[in-house]
Each structure stands twice: as structure tokens, then as C-alpha cells.
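Trainee: I am new to this structure and should like to be guided through it by questions. May we begin with the model itself?

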Amino acid sequence: MSSPETNDLAAVVEAIRSHDRFLVTTHENPDGDALGSLLATKLALEQLGKDVVMVLHSDAPLPGEYAFMALEGIRRDWPEDVETRVLVALDCANESRIADPGVLERAPLVLNVDHHHDNSRFGAVNLVVAEASSTGEVLRDVFRELGVQLTPEIAEALYIALVTDTGRFQYTNTTPKALRLAAELVEAGADVHRIFQGVYESVQFAKLKLLARALDRAQVYEGGAIVVSYLLRTDFADVGAAEPYSEGIIDYLRAVEGADMAVLIREPPRQEGPTRRVSLRASVDELDVSAIARKSGGGGHRQAAGFSSEASIEDITDFVRREFLASARA
């Protein structure tokens, strides 16, 4: 990463054109934008005749709702020839989101493509478009400049990125550009019904049981403005759920009438890594939960953020309550 930092669509396009070997990766505990962007980039680079390896450096299982995606060939460890490949980091707000950030020092060039407004710009080339609905939306502009044909397979991967990060086109990041992109992707062959069934109507029974535990423990604070719940490590084992099964549970908490912020504290079932992960969601534009997350070493979007912590559930709850009240007074 010795070259000067740039923040330019043209710089990303030129880097891709001038190199032949790539390693594409995304953040641990991937969501739809992460996996959709990963697959779309792999397919686009292959269309351009590039040698591409797709890696998610984690031993956690992939979220079950994305099992229908064509992710065959995805590696869970770095290839031996990392030193010969340009690394493309997708949807990673900072280097710690890559399960093994040390890989950044091994790659000859790092391209950082993202839409998180607090991205740490850890790449040699950084394309961070904070106003974009998703990393998938940013990639569509990259692909257009590269002359990539929008095949049904690429369109479907980008649509998954777009529809999930906009909350099925219900979040405030659903811009006119995002909706126009959705139409373009459908016209290119993205199967809207197939994606909807795969992502939203293929809920594992164990995930339903996990959701029941989170809902049963939900508590309201500050007159109902905050909803907090938690999942213990034993919960995952008791119901037979893997870590990704907790994805999306916080949206049920955010939907509570009168709630400005939802908080889900969970203990990952894996022994390694942080003791607790905390997800934050805001329901009002005035609240920036990424600012709260950054105070504990995390980050994210204004309305969706998170951090890791070794503190107790009670201490984490007290922390987010204090910060919420402080932000309300600011």
C-alpha cells in the first residue's frame, strides 16, 4: 500500500484494467450487500478475463438465507499467492472488519470499495460513496466504466446487495438512483420473486426459535425510546442455531412503536473473537448510531451500526442509554 491514497472512480477502474490477478473479499458475518457485492465483482472480473479468487476469511457458516446464491468456490482462507494479487475489499468500513486485516500488508495493492460514511480509507485506492444506498450501487458505476455487460447473474447479485441494504426499499437510503438501479437490474434479468423467496421466505426453524428468545427478553427504556434485547451463547446451542441466524432479528426490535433506537447484544457461539457483539439501529434521522458505535471502536451508517465489547450486558445497556440521552441533548 505504498502508493498515495486516492478517492476516485477512475483510479479504481484503471487499477482493474491494468492488473490481471485479483483477490476479492468482504467483511466477516456478511450480509446481503457484502455477499451480493462479492459475487458480482467476481463475475464481472471474470467477464473481463481476470484471474479471480473469492475469499471470506472466517470459519462461521454463511447465512442460510443466501444459500441460493452461486457462491461455489468461495474460499475460507487466503490463497498462497496473496502477494501476487490485487486485493479488492468490499463493504468494509474499516480494516478490522476483515477477519484477518494483516492480509492488507501482504497484497501489492488494496482497492477499498464501500459506502459507509465513516470508512477509515485503509486502501491505496479508496472509492467510498457515502450517499450510495449500498456497495452494490457503487459497483454498478464501476462496472459501467469498465464496460462490463450486465448479465442476469451479475444483475441478480447486485439486486441482492441493493434490496437488502435498503430494507426492501423502505430505509431512508432508498434514493431515486437506487430505485432506477433496481429497475435496470430487473430489466437485465434479476429474478425479483426468486430473490425475495430466497432471502425473506426461507427462514430456518432454529432462527425462529432464536428470534423468540430475543423478543422474550426485550426491554424498553427512556419511555419506550430505546428497545434492548440480548442473546446468550447458550441460546445458539439450545436451539441449534449458527451465528448468522441472528441476522435481521434487530429489525423486529426497531419496529416497536415509539422506538427511536434498537439494540441487540449477542454472544457469538464461537469461542474465539469478541465476547459480545452489539448491533444498533435508528428509526429517526436525527439519531446517528454510528457515532455511538465509534465510541466503542465500532462504526457503520447513521441508522445502522455496531461494535464489539468485552463489557457485561448490563454495562453495554447502560452505555448505549447514556449515549442516546447525550445525543438527544446535543
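The questions below concern a sheet, a helix pair, two empty spaces and one residue of this predicted model.

Trainee: In what order do the 5 strands of the open sheet stand?

Mentor: The model is a predicted one. Its open sheet is formed by 5 strands, and their pairing is parallel. From one strand to the next, the twist averages 15°. The order across the sheet is S2-S1-S3-S4-S5.

Trainee: Which strands stand at the edges of this sheet?

Mentor: A strand at the edge has a single partner strand, so one side of that strand is left without a neighbour in the sheet. This applies to two strands, covering residues 51-55 and 125-128. They are S2 and S5.

Trainee: Which residue of S5 is the bridge partner of Leu111?

Mentor: Strand S4 spans residues 110-114, and S4 pairs with S5 in the parallel sense over 4 bridges. In S5, the bridge partner of Leu111 is Val125.

Trainee: At what angle does H4 run to S4?

Mentor: Helix H4 comprises residues 135-146. H4 lies across three strands, namely S3 (86-90), S4 and S5. Its direction relative to S4 is given by an angle of about 120°.

Trainee: How far apart are the axes of H4 and H5?

Mentor: Helix H5 covers residues 152-165, and H4 and H5 pack at an angle of about 145°. H4 contributes Gly136, Leu139, Arg140 and Phe143 to the contact, while H5 contributes Ile154, Leu158 and Ala161. These residues divide into 5 nonpolar, 1 polar and 1 charged. The axes of the two helices are 8 Å apart.

Trainee: Which element gives the most to the lining of the largest cavity?

Mentor: The largest cavity has a volume of about 80 Å³. Its lining includes Val12, Thr41, Val88, Val113 and Phe143. At least two lining residues come from each of helix H1 (9-17), H2 and H4. The element that gives the most, with 4 residues, is H4.

Trainee: How many charged residues does the lining of the largest cavity have?

Mentor: Among the lining residues are Ile16, Ala44, Leu45, Leu48, Leu139, Val142 and Leu146. By class, the lining has 11 nonpolar residues and 1 polar residue. The number of charged residues is none.

Trainee: Which element gives the most to the lining of the second largest pocket?

Mentor: The second largest pocket has a volume of about 200 Å³. Its lining includes Leu39, Leu43, Phe68, Met69, Gly189 and Arg194, together with Pro152, Glu153, Glu156, Ala157 and Ile160. The elements that give two or more residues are helix H2 (32-47) and H5. The most, 5 residues, comes from H5.

Trainee: How many charged residues are in the lining of the second largest pocket?

Mentor: Glu153, Glu156 and Arg194 are among the residues that line this pocket. Sorted by class, the lining has 8 nonpolar residues and 1 polar residue. The charged residues number 3.

Trainee: Is Ala304 buried, exposed or partly exposed?

Mentor: Ala304 lies in strand S11, which covers residues 304-309. Buried means under 20% relative accessible area and exposed means over 50%. Because its relative accessibility is 25%, Ala304 counts as partly exposed.

Trainee: What separates the C-alpha atoms of Ala304 and Ala262?

Mentor: Not counting residues up to four places away in sequence, Ala304 touches Leu280, Arg281 and Val289. Ala304 and Ala262 are 42 residues apart along the chain. Their C-alpha atoms are separated by 9.6 Å.

Note on methods. Residues are numbered from 1 along each chain as its sequence is written. This is a predicted model: local features need pLDDT of at least 70, side-chain atom pairs count only at pLDDT 80 or more; totals for chains, interfaces and linings use all residues. Side-chain values use heavy atoms; hydrogens and water are left out. Axes are lines fitted to C-alpha atoms, for helices over the stretch in contact, and angles run from 0 to 180 degrees between N-to-C directions. Contact means heavy atoms within 4.5 Å. Ala, Val, Leu, Ile, Met, Phe, Trp, Tyr, Cys and Pro count as nonpolar, Asp, Glu, Lys and Arg as charged, and the others, Gly among them, as polar. Two strands pair if DSSP finds at least two bridges between them. Buried means under 20% relative accessible area, exposed over 50%, partly exposed in between (1.4 Å probe, protein chains only). On a 1 Å grid over the protein atoms alone, a cavity is a set of points where a 1.4 Å probe fits but cannot get out, and a pocket is an open set with protein on both sides within 12 Å along at least five of seven lines; lining residues have an atom within 4 Å of a point. Grid points are joined across faces, edges and corners, and a volume is the space filled by probe spheres set on the points.
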